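Good morning, everyone, and thank you for letting me take this slot. I would like to walk you through one structure, and I will explain each term as we come to it.

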Amino acid sequence: MARAGLLHDLFFYDWRVTKFELGTHAFIHARVAVRNAEKLTPLSPMEKDIILKHMWGATTALPHYRESILVDFVDDYQAVVEFCQPWSQHVKRLLQQLTNAF
Ligand SMILES: [Fe+2]
């Protein structure tokens, strides 16, 4: 699970710039990551499943292993944290300004 967790986003392009004809980055990059990881090391079926299914929710292919679900949840959690962090820092600054005003 640790190996697949480290390899799950192994792609070497800027997703904001590179566009694919077969679909968006969200749907394509897991397959790209598996291909790149297989160039580095043999992958077990579980490792392949973890990498391929880590976008479950955005993609419809169901994870086969509990470990795949866990990596997907951790990846989703971290994405939400990274998305919300600038917003939460902005709110903290506003609250600090309000606190200082009184
Ligand atoms: Fe990813």
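Let me begin with a word I will use often: a residue is buried when its relative accessible area is under 20%, exposed when that area is over 50%, and partly exposed in between, all with a 1.4 Å probe and with protein chains only. Please keep in mind that this is a predicted model, in which local features need pLDDT of at least 70 and side-chain atom pairs count only at pLDDT 80 or more, while totals for chains, interfaces and linings use all residues. Residues are numbered from 1 along each chain as its sequence is written, and side-chain values use heavy atoms, with hydrogens and water left out.

I also need the word helix, which here is a DSSP run of H or I with at least four residues, just as a strand is a run of E with at least two, and both are numbered from the N terminus. With that in hand, which residues of α3 are buried? They are Glu-47, Asp-49, Ile-50, Ile-51 and Lys-53, and they pack against α1, α2 and α4, where contact means heavy atoms within 4.5 Å.

Two of these residues meet each other, since the side chains of Asp-49 and Lys-53 form a salt bridge with 2.5 Å from N to O. By a salt bridge I mean a side-chain nitrogen of Lys or Arg within 4 Å of a carboxyl oxygen of Asp or Glu. Both partners lie in helix α3, four residues apart, about one turn of the helix. Asp-49 counts as buried because its relative accessibility is 8%, and Lys-53 counts as buried because its value is 15%.

By this rule there are four salt bridges, and another of them joins Lys-48 to Glu-38, with the closest N and O atoms 3.1 Å apart. This pair links distant parts of the chain, with Lys-48 in helix α3 and Glu-38 in helix α2, ten residues apart. Lys-48 is partly exposed, at 32% relative accessible area, and Glu-38 is partly exposed as well, at 40%.

Let me turn to the nonpolar core, a set of buried Ala, Val, Leu, Ile, Met, Phe, Trp, Tyr and Cys residues joined through side-chain atoms within 4.5 Å. The largest one has ten residues, including Leu-7, Val-34, Leu-43, Ile-50 and Ile-51. The elements that give two or more residues to this core are α1 (2-7), α2 and α3, and the largest share, three residues, comes from α2. If we leave aside residues up to four places away in sequence, Val-34 touches Leu-43, Lys-48, Ile-51 and Leu-52.

Finally, what are the protein donors of the iron ion? They are Asp-9 through OD, His-29 through NE2 and His-54 through NE2, lying 2.0 to 2.1 Å from the ion. Donors are N, O and S atoms within 2.8 Å of the metal (3.2 Å for Na, K and Ca), and water is not among the atoms, so sites may look incomplete. Along the chain, the donors of the iron ion follow the spacing D-x19-H-x24-H. The two histidines link distant parts of the chain, with His-29 in helix α2 (residues 25-40) and His-54 in the loop between α3 (45-53) and α4 (66-101), 25 residues apart. Both His-29 and His-54 are buried.
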